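Trainee: I'd like a close look at the aromatic side chains in this model. Please start with the rings, then show me what else surrounds the picture.

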Amino acid sequence: MILIKNGLIIENNQTVKKDILIDNNVIVKIDENIECNCETLNVDNMLVIPGCCDVHVHLREPGFENKETIKTGTMSCAKGGLTSIMSMPNLNPCPDTIDHLNKQLEIIKKDALVNVYPFGTITINEEDKELAKIDEFKDFVYGLTDDGRGVNNLSILEQSMELAKKYNLTIASHAEDNVYKTLPEGEYVAVRREIELVKKIGCKYHFCHMSTKESFDAIRLAQKEGYPITCEVAPHHLILNKDMIKDANWKMNPPLREEEDRLATIEALLDGTACMIASDHAPHTELEKSKEYDLCPNGIIGAETMLPIIYTHFVKNGLISLDRFLDILVY
């Protein structure tokens, strides 16, 4: 048994000091001044919350172990308070067939320190040319995405949406139009046309790392009309803008936007248009991130910093309540 002493837990949108007794990894009692002749951890007024979730993590293995492994990535997640994550499929091999997915699942079973739920891809090798073997791996994933790239082959996207509806899966879209790329138009043009496909097909649809005012306006309207559309926002788009960029360590996709877009991202979080925060944790090697901005790959780390960033900038500053803090990070 383990006793956590003097922790602050959230009850009715307030913090109250309570002890927590754990037996065989199960919480058996929460109360004031619990006495137990067992291992005791005095957390001295620290906030104690359930393990948090992150639906957008790039673990890099298999294929890019020089950047990060499933073991080191999930260690980072655990340190950051994330106990359940969804891993993105831009790997080598991509989880576009059951055999390729099994390579990843085997490593997860052996090395992961937290719960890891992989996405399957929408297209073979995320090349936007051929539909992935979704029928093969449908029972082993909760969602489909080509994150890292936008699906611009709308015929294939529509086929994947039909299968997602059939198998009760969620499409997670990296909305990026090939013409405009990382410009703001690249995001919201793709968002608008994909919303039209949702209206036609009716599958569950989730927009990853939204970052522009126009995207939130379109998503907000579709939600009010009753379509099964959700979206996430990332900590960096909530607290940073393009004027703050210093070097390639600030390069990501979607990129940091104008201050107007940052404020729109906050508004989307506060009014519920964005129902969750996701880190988009995407590590690279130090050598890669030391290159010139235009030559550097997109991606920053975030698994260890997401919770403290949101607590510091939003809870402590009174922008969101404690209950809302749990809603968007624990779900």
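**Rings, sheet and charges**

Mentor: Start with F207. Its relative accessible area is 0%, so F207 is buried. Keep in mind that this model is predicted.

Now the pairing. A pair of rings is described by two things: how far apart the centres are, and the angle of the planes. The model has three aromatic pairs. One of them joins Y205 and F207, with centres 5.2 Å apart and planes at 65°. Planes over 60 degrees apart count as edge-to-face, and Y205 with F207 is such a pair. Y205 has a relative accessibility of 1%. The limit for buried is under 20%, so Y205 counts as buried.

Next, Y311 and F325. Their ring centres are 5.6 Å apart, and the planes make 70°, so this pair is edge-to-face. Look at where the two rings come from. Y311 sits in helix α10, residues 306-315. F325 sits in helix α11, residues 322-329. The two residues are 14 apart, and the pair links distant parts of the chain. Accessibility splits the partners. F325 is buried, at 2%. Y311 has a relative accessible area of 28%, so Y311 is partly exposed.

Stay in helix α10 for a moment. F314 is found there too. F314 is buried, because its relative accessibility is 1%. What does F314 touch, leaving out residues up to four places away in sequence? The list is L238, I239, I266, L269, I309, L319 and I320. Take I266 from that list. In sequence, F314 and I266 are 48 residues apart. In space, their C-alpha atoms are 9.6 Å apart.

Two tyrosine rings also have a lysine over the face. K138 lies over Y167, 5.0 Å from the ring centre. K251 lies over Y293, 5.5 Å from the ring centre.

Now a sheet. Strands of a sheet pair through backbone hydrogen bonds, parallel or antiparallel. Here we have an open sheet of three strands. The order is β5-β6-β7, and the pairing is parallel. β5 (52-57) and β7 (115-118) are the edge strands, each pairing on one side only. From one strand to the next, the twist averages 20°. Look closely at the β5 and β6 pairing. β6 covers residues 82-87, and four bridges join β5 to β6. One spot to find on screen is C53, whose bridge partner in β6 is S84. Helix α2, residues 98-111, lies across β6 and β7. Relative to β7, helix α2 runs at about 175°.

Finish with the charges. The model has 17 salt bridges. I'll take a few, including K18 with E11. Those side chains meet at 3.2 Å, N to O. K18 is at 13% relative accessibility, so K18 counts as buried. E11 is at 32%, so E11 counts as partly exposed.

E130 and K133 form another salt bridge, at 3.8 Å from N to O. A residue from 20% up to 50% counts as partly exposed. E130, at 42%, therefore counts as partly exposed. K133 is partly exposed as well, with a relative accessible area of 36%.

Then there is E225 with K199, a salt bridge of 3.6 Å, N to O. E225 lies in the loop between α6 (213-224) and β11 (229-233). K199 lies in helix α5, residues 184-201. The pair therefore ties together parts that are 26 residues apart in sequence. E225 counts as partly exposed, because its relative accessibility is 43%. K199 counts as partly exposed at 32%. Some salt bridges share partners. K213, D217, R220 and D271 are joined that way into one network.

To review on screen, go back to the rings. Find Y205 against F207, edge-to-face at 65°. Then find Y311 against F325, edge-to-face at 70°. End at F314, buried in helix α10, and pick out its contacts, among them L238 and L319.

Note on methods
Residues numbered from 1 in each chain as written. Predicted model: local features only at pLDDT ≥ 70, side-chain atom pairs only at ≥ 80, totals over all residues. Heavy atoms only, no water. Phe/Tyr/Trp six-rings, centres within 6.5 Å; stacked < 30°, edge-to-face > 60°. Buried < 20%, exposed > 50% of the residue type's maximum accessible area, 1.4 Å probe, protein only. Lys NZ or Arg CZ within 6 Å of the ring centre and 35° of its normal. Pairing = 2+ DSSP bridges. Axes fitted to C-alpha atoms, helices over the stretch in contact; angles between N-to-C directions. Contact = heavy atoms within 4.5 Å. Salt bridge = Lys/Arg side-chain N within 4 Å of Asp/Glu carboxyl O.
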